[in-house]
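Visitor: I would like to take a close look at a single part of this structure, and I would be glad of a careful explanation as we go.

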Amino acid sequence: MGGSRAQVNKPHKTRFSSKSSRNIHKISHKDKNRIAKSNRNVAQGARAARLQRSKMLREQKKEALLKEKRASSGSASPPRVILLFPLSGSVNVSSLAEDILRLLSADVGGAFSSTVVSSEYKLRATVGVTAPVLHAPHGDLLSCMEMAKVADLIAFVASATEQSTCDYIDSFGSQCLSVFRSLGLPSTVVFIRDLPTELKRRNDAKKIITSGLTSEFPEDCKFYPADTKDDLHKFMWLFKEQRLTTPHWRNQRPYLIAQKADMVPDDSSPEKCTLLLTGYTRAHSLSVNQLVHVSGAGDFQLSRIDIMKDPIPLNARKDHNAMDSDDIEDAEIIRSLAPDPSSQEPLLVENVPDPLAGEQTWPTEAEMAEAERNQKQKRLRKRALPRGTSEYQAAWIVDDTDGEDSGVENDGDDDQDNDGMLLDEGESGFPSQEDTNNPDFEEDQASLHLRDSDEETENDSVMMERDNMTREQIEDEIKKIKEAHAEDEEFPDEVDTPLDVPARKRFAKYRGLKSFRTSSWDPKESLPPEYARIFAFDSFARTQKHVVAKALKVEQEGRDDCAPVGSFARFYIKEVPFHAASNLCAASRTAPIVLCGLLQHESKMSVLHFSIKKHDSYDAPIKSKEELIFHVGFRQFVARPIFSTDNINSDKHKMERFLHAGRFSIASIYAPISFPPLPLIALKNAAGAGTPAVAAVGSLRSIDPDRIILKKIILTGYPQRVSKLKATVRYMFHNPEDVRWFKPVEVWTKCGRRGRVKEPIGTH
């Protein structure tokens with residue numbers, strides 16, 4: 001046997017046996033950077049870049065938030081507008097308004113809308129009220145809409161004395177709430193009045209009201225008791241630090257709420273005058289070279305802007321903390337801004353067409369030779385066409401097969417056909433300013449008087465003249481419209497062939513399309529002469545981006561011709577019609593007068609398309625080309641829209657004869673250009689009603705004069721004899737010439753069978 005092996009044990013781990021040996025394996029920071037792997041450096045560098053970018057974005061958001069807070073609650077910010085809206089007619093809001101004004105200011109006047117400053121809360125506020133005992137009665141929808149458009153905070157007021165949850169909001173309050181949602185709600189709170197004095201009953205009543213009304217308001221809406229001075233004191237401390245949210249459409253343009261309205265007659269023109277509006281500039285700075293829109297009057301140019309000393313600054317004297325008319329008159333003018341004629345935007349409404357623009361020059365020899373070659377190629381190419389088909393009719397028969405939506409389709413009543421899309425002024429059915437004493441009904445100055453070129457439009461216009469009709473005739477007309485609405489909903493696009501007029505004459509403008517989706521249709525075909533007076537964009541999205549960027553650049557430059565945000569200024573609006581200015585001055589006591597700065601191109605006329613939906617509270621049928629009152633942002637005008645579907649997969653859209661409930665449609669009108677987003681509230685004057693009702697709501701979709709809207713009709717007949725390959729159909733046409741005229745058009749059944757018209761049978 002071999003010798004035995006000596007035992008060998010594992011050595012003791014002495015790596016970290018002493019403090020000095022703990023750092024032997026470590027590499028110095030200098031050597032570590034030198035010998036580190038390259039890919040690890042790249043990964044660490046990318047991570048560091050991401051962290052740096054995230055930090056930079058956080059800092060930018062903090063700076064923007066701080067800037068917004070300073071702008072909304074600083075000493076240079078305009079007063080906050082608080083609107084008190086009662087949810088029911090039994091709520092007394094006037095006492096709540098007096099309590100708030102008394103809390104903010106010791107000098108409370110009895111005016112409808114008062115602006116006060118509070119040194120205790122370091123806050124300036126304008127409190128507006130819509131209450132039954134004040135100038136805007138419960139039920140005045142138009143005044144409530146105008147106040148909601150400019151409010152920074154809407155305070156809905158509910159009463160705890162109501163017995164059930166449904167009594168907290170009445171029908172008018174529910175209607176106004178839905179309209180406010182369509183306009184875009186700013187910051188909202190709910191004040192609860194008439195709570196019991198006992199603590200337990202008070203808390204129980206507040207819980208009941210809160211649970212009953214929470215679903216009607218946004219998630220961030222808070223409920224506050226508002227019976228005592230301490231309750232209002234707690235709310236004011238929270239409101240002072242609250243970050244207010246406003247609708248996006250209102251932040252796109254500068255605007256002003258007139259604290260005082262006055263007018264100066266024009267010596268050169270007795271029908272014109274200069275309108276003076278004084279107030280705080282809001283949202284953006286407003287240039288003296290910019291066009292402005294006055295709600296209820298129209299679009300105008302400015303002749304001057306006087307920037308004045310603030311009559312109620314935050315550091316005001318203790319004995320003077322409320323604004324009155326004497327303060328506005330005695331305010332010191334700091335500087336005046338005059339427009340520059342070379343850079344002032346012109347008030348251009350309509351395009352001036354060139355009468356020689358449509359003249360054709362004599363073609364050249366090369367063009368004539370090319371046309372002759374094309375004609376020879378057409379003759380060599382043979383096509384299988386039905387007998388009796390003319391060359392013009394053959395041009396509308398598509399060779400490729402497509403089994404979608406074919407039938408007797410469509411005429412030239414597209415968006416370029418100006419039937420019914422009118423901006424009317426002085427219509428007899430439209431209430432005038434003198435009757436309503438409200439600027440909402442004043443027609444805009446920018447209007448397009450277009451002629452009706454279609455029989456149906458003339459008939460519709462005759463039907464609109466209700467002044468010469470008796471009550472029985474109006475009731476019969478409403479009954480016929482309701483029957484037509486129900487029939488159109490059950491049998492869409494189906495029409496009866498007239499007995500007294502040949503179908504080839506009645507439907508002469510209609511053309512048969514093989515496919516509604518793929519068949520070609522030239523949007524420039526058969527344009528009316530009035531279409532040369534409107535404006536179009538090569539690329540609307542690019543133009544809007546350029547206009548908004550230009551306005552933002554002017555804002556950031558802080559130019560000398562602009563009235564800065566929060567400044568107290570007087571605006572001189574020139575060449576305002578005298579009757580419109582006098583009506584505005586009279587209406588300024590009951591409703592706010594708003595001056596809004598316009599972006600570039602926003603005074604020009606074009607074709608606007610709105611996404612529109614019938615309001616839930618409106619039951620009467622709304623026919624296409626009927627007169628509606630459009631409220632688009634701060635603008636109001638009268639129009640007769642054409643309704644159509646919105647086809648995503650096609651450039652052609654089918655006209656709808658009625659606006660049906662429960663679905664969105666597209667309403668197309670002639671109107672001044674406005675850049676979206678903008679809300680739409682459509683009102684309609686009901687027969688025998690003094691105030692218009694909310695008919696539809698929606699928003700501005702696009703501006704496109706080339707959008708093709710086609711009217712589709714379906715001519716129906718009844719099969720008498722049916723064989724395997726042929727069928728005899730009666731009552732589709734009433735003479736043989738009409739049958740031969742419609743031979744090129746394909747026929748189809750509801751079960752999907754398709755075929756062609758062969759020949760007429762008999763003489764009838």
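Visitor: Which residues are exposed on the other side of helix 7?

Guide: Please keep in mind that this is a predicted model. The residues you ask about are D230 and K234, which are exposed on the other side of helix 7. To see what that side is opposite to, it helps to begin with the helix itself, which runs over residues 229-241 and so has 13 residues. From its first C-alpha to its last, helix 7 reaches 19 Å, which is close to the 18 Å expected at 1.5 Å a residue. Within this helix, D231, L232, F235, M236, F239 and K240 are buried. Seen down the axis of helix 7, the buried residues fall within an arc of 160°, so they line one face of the helix. The general background is that an α-helix has 3.6 residues a turn, so residues three or four places apart point the same way.

If you then look elsewhere in the model, you will find seven cavities of 30 Å³ or more, and the largest cavity has a volume of about 110 Å³. Among the residues that line this largest cavity are W249, R253, H293, E602, F634 and L678. Sorted by class, its lining has six nonpolar, three polar and three charged residues.

A last place to visit is D651, which lies in the loop between strand 22 (642-644) and strand 23 (652-656). D651 is partly exposed, with a relative accessible area of 44%, and, leaving aside its neighbours within four places in sequence, D651 is in contact with R517 and I708.

How values were computed. Residues numbered from 1 in each chain as written. Predicted model: local features only at pLDDT ≥ 70, side-chain atom pairs only at ≥ 80, totals over all residues. Heavy atoms only, no water. Helix = DSSP H or I, 4+ residues; strand = E, 2+ residues; numbered from the N terminus. Expected span 1.5 Å × (residues − 1). Buried < 20%, exposed > 50% of the residue type's maximum accessible area, 1.4 Å probe, protein only. Arc of directions from axis to C-beta. 1 Å grid on protein atoms, 1.4 Å probe; cavity = no way out; pocket = protein on both sides within 12 Å on 5 of 7 lines; lining within 4 Å. Points joined across faces, edges and corners; volume = space filled by probe spheres on them. Nonpolar A, V, L, I, M, F, W, Y, C, P; charged D, E, K, R; others polar. Contact = heavy atoms within 4.5 Å.
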